[in-house]
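The following report describes how one protein chain is put together, moving from its overall make-up to individual side chains. Please read it alongside the sequence and the coordinates.

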Amino acid sequence: MDLATLRKILELERKKSYRDGAVFGGLDRYLKRWASELPERLLPASYASLDIRQRGEWVESMLRWLDGTEAEGRKEPAPKVKRDENLDAPITTIRGLSAKLSPKFRRLGVETVRDMLYFFPRRHIDYSKRKTIAELGVGEEQTVVATVWQAQEAILGGRRSAEAIVGDESGNMRVVWFNQPYLAKQLRTNSQLVLSGKVSLFKGVKVFQSPEYEPLVSEDLTHTGRLIPLYPLTAGLSPRVVRRLVKETVDLWAPRLPDFLPEDVRGRAQLLELSEAVKQAHYPESEQVKDRARKRLAFDELFLIQLGVLSRRREWREGSEANQIKPEGEILEAFLSSLPFTLTEAQKRALDEILADLAKASPMSRLLQGEVGSGKTVVATAALLATVASGYQGAFMAPTEILAEQHFSNISALLAKAGREEEVAGSLRTFTSLLPRPITLGLLTGSMKQSEKKAVHRAISEGEVDIIVGTHALIQQEVEFERLGLAIVDEQHRFGVMQRTALRQKGPNPHLLVMTATPIPRSLALTLYGDLDLSVIDELPPGRQVIKTRRLDPEERENAYRFLRKEIGEGRQAFIICPLIEESAAIEARAAITEYERLSREVFPDLRLGLVHGRLKASEKEGAMRRFRAGELDTLVATPVVEVGIDVPNATVMLIEGADRFGLAQLHQFRGRVGRGEQQSYCILVAESPSPEGMERLSLLEHTQDGFALAEEDLRLRGPGEFFGTRQSGLPDLRMAKLSDMRLLELARSEAIRLFKKDPELSRPEHQLLNREMARLWWDGISTGEA
């Protein structure tokens, strides 16, 4: 086993005050996986059953044992299943990869031999079309094998360069390499050279300009004459160096990769062996074989994710008993009848599903999906009220301080309608007449004064606070609940699995409700949230306004500015979203600053403009948003950071620049920022030169207000990357899989369910390699991260 990982986990457990929170499912489950490889005397009968002091003693004794093992240079006990540990050796063990190059590869996320094997190219260039010199066409990617007749240094365009005359049986031609004079000495007369690239015409004569090249010493080529990989690069790494090092690694190490996929699964799914798939993903024999390699590697990713979420679901469901929350019916009836509106059928259905889960002895794990304005907060407040009425505390965690404050304010308003607000003391509010006793609602955020935070911490731990709304501050070590019954996490993809788990560990198996306003297609929800049951509020309250949406050409921008000025003149506010720049957050921020300055100086010099971009500190971002919400700014210029955000009922115009660069789901989220008040609202889409696909997206948005329909279309048109990265969702990275590949997703899911039913612990001998891969990916990889 990997003792370094065990040490990391134990040190994290110490840091978390021995609360059994270092790995998913607890230390007992983690240690069970390695039981055969650790001395039996070291293992506790049950870590979970020890008190804090005993846990501390055991962890410290294990760390001392690890110190001794490392100091004496003992070897780890041999695992039952042989795996080549050298795959996890640092990349400096790769021949030719110097200590100078290794930091550059680390910047690309490549630290071990295994990482290098899984460092897949972005795409391939087809240099497989081999021709004679006479057959070469202008402007195509093609390859020749020729003899070097002469090579020399030359000055071309004022730059020191190299040029050569090469020939084959059909004729001769000139080859030039700009800025590479050293090649003149490397190209030996009469040597055979493979050249791949595009041919251009110079004074009517065909010339190869800066082609890829390599000596013909074997048919197993690296840079030419085949499908050639293009890898992600960073400063100081050239394509040729990366290709050479990856090729050497793949040739030497891919055959040693143990195939963890059970043979019966591989056979049914008709997949390549792992070593062959890795090899063909880098240097494929043909496009067809490349597709088969991608299918195998994508299947692995989806299959391992499905096994992980199935395992997590089982742990959270079967491994623990939750407090049953069964409030008296009249309490919720009194709350719902106090509302100035009637719940929609979708809200009623979602609330019934949540209340049914809360009444069970197994902890709820449910995802509540609903568009902006669909009424999720009311449903969540009813669930929190049910929890308090049953004698337990409720926690509500939001991703930003401004959203936490917004929820605190909205829940306060709902409770005030149903009861009376009796007392306001700092960040605590008390309401009476809903229950036989008062209900106390609290707010906890990172920027509160230390004295105020301490007062709230004390009130939570002594059970004086019934419902606490907050940010990540809720999962800090010093926050202790007296009797946490329900944890609600809003805007799930901003958190990730670790934070969700950390909040859940604040009480003895509290129920968990995750809420998101991002309409997620069912296929994506099954993958990203396979461990959660799904409730959907797919109906907006009656009277919810349709936001008028229109696409404009760039030359019509002045019309948009005039319209925006007219709305502001009538006392409204507006958002202007700057284009998405995928290459760099820094470039995106600079572009936003430039646009903000141009608008302030040339377009709206008389209006109050604010700016929000991703490079600002959280406090600066939230400060600008607060000023906008308070009406101190007329227009907020922003990069895409406002997507999940604030409630500004007075904002009626959303102007989106570079609209064709965004996905449908994201555009719909932007549009949901307006239309929160009584006034008619508008969304204006400006696109510079959209592709046919971009035009299709914008046309769909103009004519469709249904977020779920748009999300399905977005998944079909663009794939899942535009929803949110898997790293944010707390899942292993997807390198090859596309979640829009429904057939492969369903295949991986059905095979995972089939295997999980047979062997949920992956304890059978034929599943040992798979067990190790799961441990490496889910437990060693993700679980040791900070919550």
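What follows treats the chain as a whole, then its nonpolar cores, two helices, two groups of strands and a pair of polar side chains.

## Overall make-up

The model is a predicted one, and its protein chain comes to 26 helices and 23 strands. Of the 787 residues in the chain, 55% count as buried. Among the contacts with a separation of 6 or more, 71% are made by residues 24 or more positions apart. The count of disulfides comes to zero. Two of the cysteines are nevertheless buried, Cys578 at 3% relative accessibility and Cys683 with a relative accessible area of 1%.

## The nonpolar cores

In soluble globular proteins, nonpolar side chains tend to be buried together. The largest nonpolar core in this model holds 54 residues, of which Phe105, Leu117, Leu297, Phe299 and Phe303 touch the most other members. Seven helices each supply at least two residues of this core, namely helix 5 (113-117), helix 7 (239-253), helix 8 (263-269), helix 9 (274-282), helix 10 (287-318), helix 25 (742-758) and helix 26 (768-782). The largest share, nine residues, comes from helix 10.

Leu297 gives a local view of this core: once neighbours within four places in sequence are left aside, its contacts are Tyr118, Phe120, Leu274, Ala277, Val278, Ala281 and Met736. Apart from this core lies another, of 45 residues, which includes Val379, Ala383, Leu435 and Leu441.

## Two helices of the largest core

Helix 7 has 15 residues, which at 1.5 Å a residue should span 21 Å, and the 21 Å between its end C-alpha atoms agrees with that expectation. Its buried residues are Val242, Arg243, Leu245, Val246, Lys247, Thr249, Val250 and Trp253, a list in which Arg243 and Lys247 stand beside nonpolar residues such as Val242 and Leu245. The elements against which the buried residues of helix 7 pack are helix 4 (102-107), helix 5, strand 7 (212-215), strand 8 and helix 9.

Helix 25, with 17 residues, should span 24 Å by the same rise of 1.5 Å a residue, and its end C-alpha atoms are indeed 24 Å apart. Buried in helix 25 are Leu744, Leu745, Ala748, Arg749, Glu751, Ala752, Leu755 and Phe756. An α-helix has 3.6 residues a turn, so residues three or four places apart point the same way.

## Strands covered on both faces

Strand 8 (residues 227-230) directs Leu227 and Pro229 one way and Ile228 and Leu230 the other, and all of them are buried. Strand 8 pairs with strand 1 (residues 123-126) in the antiparallel sense over four bridges, and Leu230 of strand 8 is the bridge partner of Arg123.

Strand 21 (residues 635-638) is likewise covered on both faces, with Thr635 and Val637 buried on one side and Leu636 and Ala638 buried on the other. Strand 21 has parallel pairings with strand 19 (residues 573-577) and with strand 20 (residues 609-612), each over four bridges. Within these pairings, Ala574 stands opposite Thr635, while Ala638 is the bridge partner of Val612.

## Asp168 and Ser170

Asp168 has its place in strand 3 (residues 159-168), whereas Ser170 is found in the loop between strand 3 and strand 4 (171-177). Are these residues buried or exposed? Asp168 counts as buried because its relative accessibility of 17% is under the 20% limit, and Ser170, at 33%, counts as partly exposed because this value falls between 20% and 50%.

Neighbours within four places in sequence aside, Asp168 is in contact with Thr132, Ile133 and Val145, and Ser170 with Thr132, Ile133 and Ala134. The side chains of Asp168 and Ser170 each come within polar reach of the backbone nitrogen of Ile133, as set out below.

| Side chain | Backbone nitrogen | Distance |
|---|---|---|
| Asp168 | Ile133 | 2.9 Å |
| Ser170 | Ile133 | 3.2 Å |
| Ser170 | Ala134 | 2.9 Å |

Ser170 and Glu135 are 35 residues apart in sequence, yet their C-alpha atoms are 8.4 Å apart in space.

How values were computed
Residues are numbered from 1 along each chain as its sequence is written. This is a predicted model: local features need pLDDT of at least 70, side-chain atom pairs count only at pLDDT 80 or more; totals for chains, interfaces and linings use all residues. Side-chain values use heavy atoms; hydrogens and water are left out. A nonpolar core is a set of buried Ala, Val, Leu, Ile, Met, Phe, Trp, Tyr and Cys residues joined through side-chain atoms within 4.5 Å. Buried means under 20% relative accessible area, exposed over 50%, partly exposed in between (1.4 Å probe, protein chains only). Contact means heavy atoms within 4.5 Å. A disulfide is a pair of cysteine sulfur atoms within 2.5 Å. Two strands pair if DSSP finds at least two bridges between them. A polar contact is a pair of N or O atoms within 3.5 Å; within protein, one must be able to donate a hydrogen and the other to accept it, and residues adjacent in sequence count only if both atoms are side-chain atoms. The expected span of a helix is 1.5 Å times one less than its number of residues.
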